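Trainee: Could you take me through one part of this model up close? I'd like to see how the charged side chains pair up, and what surrounds one spot away from them.

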Amino acid sequence: MKTPTSFKGKSFHTINDAGRVSIPSKFRDVLKTKYGDESLILITLGSHIAAFPIYEWQKLEKMWEENPPRDTQGKKFLRYLYSTAEDCSIDRQGRVLIPNMLREKTGLNSECVIVGHMNKIEIWPKSKWELEFEDIDVENLFDSISEEFPELNL
């Protein structure tokens, strides 16, 4: 079996009353094998939560420290991002506790979709995911962006 190298796929989950949700085992495997750590930084991007492995978050921080935003909007965005950032760990049952503030900001309540997206995990309210992605016309979308992804050559 190959060592997982990135977060891929999606699964449907339920957030319990305390705000805990199970992280798919294949995502936990990536955290263990690639990063050696099950700690995550959770942030909200409005419609969903992004969960970054500590290593990936540190790469972003280094980039922002070396090339800080120069314009007001960039500074404002980073300030907002850091104000929503939360350190979280996966417990023995494979769950992460999503802080109430993040659940409120994204509208996460009971049903959610957990999505792998390269170097991060996304946690979407099921209703927002379905609205945004379930009826997407993939062929038209690909046609409109195919120049950006010539290596796919579909």
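Mentor: Here's a walk through the salt bridges, followed by a stop at one threonine. Keep in mind that this is a predicted model.

Let's start with the overall count, which comes to seven salt bridges. A good one to pull up is K10 with E134, where the side chains meet at 3.0 Å, N to O. K10 sits in strand β1 (residues 10-14) and E134 in helix α5 (residues 126-134), so this pair ties together parts that are 124 residues apart in sequence. Neither end is hidden away: K10 is partly exposed, at 39% relative accessible area, and E134 is partly exposed too, at 37%.

Stay on helix α5 for another pair. E130 and K126 both belong to that helix, four residues apart, or about one turn. They form a salt bridge, with the closest N and O atoms 3.8 Å apart. E130 comes out as partly exposed, with a relative accessible area of 35%, and K126 is also partly exposed, at 23%. Salt bridges can also chain up: R20, D91 and R95 are joined into one network through shared partners.

Now swing over to K32, which bridges to E38 with the closest N and O atoms 3.8 Å apart. K32 has 48% relative accessibility, so it counts as partly exposed, the cut-off for exposed being over 50%.

For the threonine, go to T44 in strand β3 (residues 39-44). T44 is buried, because its relative accessible area is 0% and the cut-off is under 20%. The T44 side chain reaches the backbone nitrogen of G46 at 3.2 Å. Leaving out residues up to four places away in sequence, T44 touches I49, Y80, L81, T84, L102, K105 and T106.

To put these spots on the annotation map, UniProt, in an unreviewed entry, places a "domain: SpoVT-AbrB" feature at residues 10-56 and 85-128. Over residues 10-56 the chain is 30% helix and 40% strand, with the end C-alpha atoms 20 Å apart. Residues 85-128 are 23% helix and 45% strand, and there the end C-alpha atoms lie 21 Å apart.

Note on methods:
Residues are numbered from 1 along each chain as its sequence is written. This is a predicted model: local features need pLDDT of at least 70, side-chain atom pairs count only at pLDDT 80 or more; totals for chains, interfaces and linings use all residues. Side-chain values use heavy atoms; hydrogens and water are left out. UniProt positions are given in the numbering used here, feature names are shortened, and annotations may be inferred rather than shown by experiment. Helices (H or I, at least four residues) and strands (E, at least two) are DSSP runs, numbered from the N terminus. Buried means under 20% relative accessible area, exposed over 50%, partly exposed in between (1.4 Å probe, protein chains only). A polar contact is a pair of N or O atoms within 3.5 Å; within protein, one must be able to donate a hydrogen and the other to accept it, and residues adjacent in sequence count only if both atoms are side-chain atoms. Contact means heavy atoms within 4.5 Å. A salt bridge is a side-chain nitrogen of Lys or Arg within 4 Å of a carboxyl oxygen of Asp or Glu.
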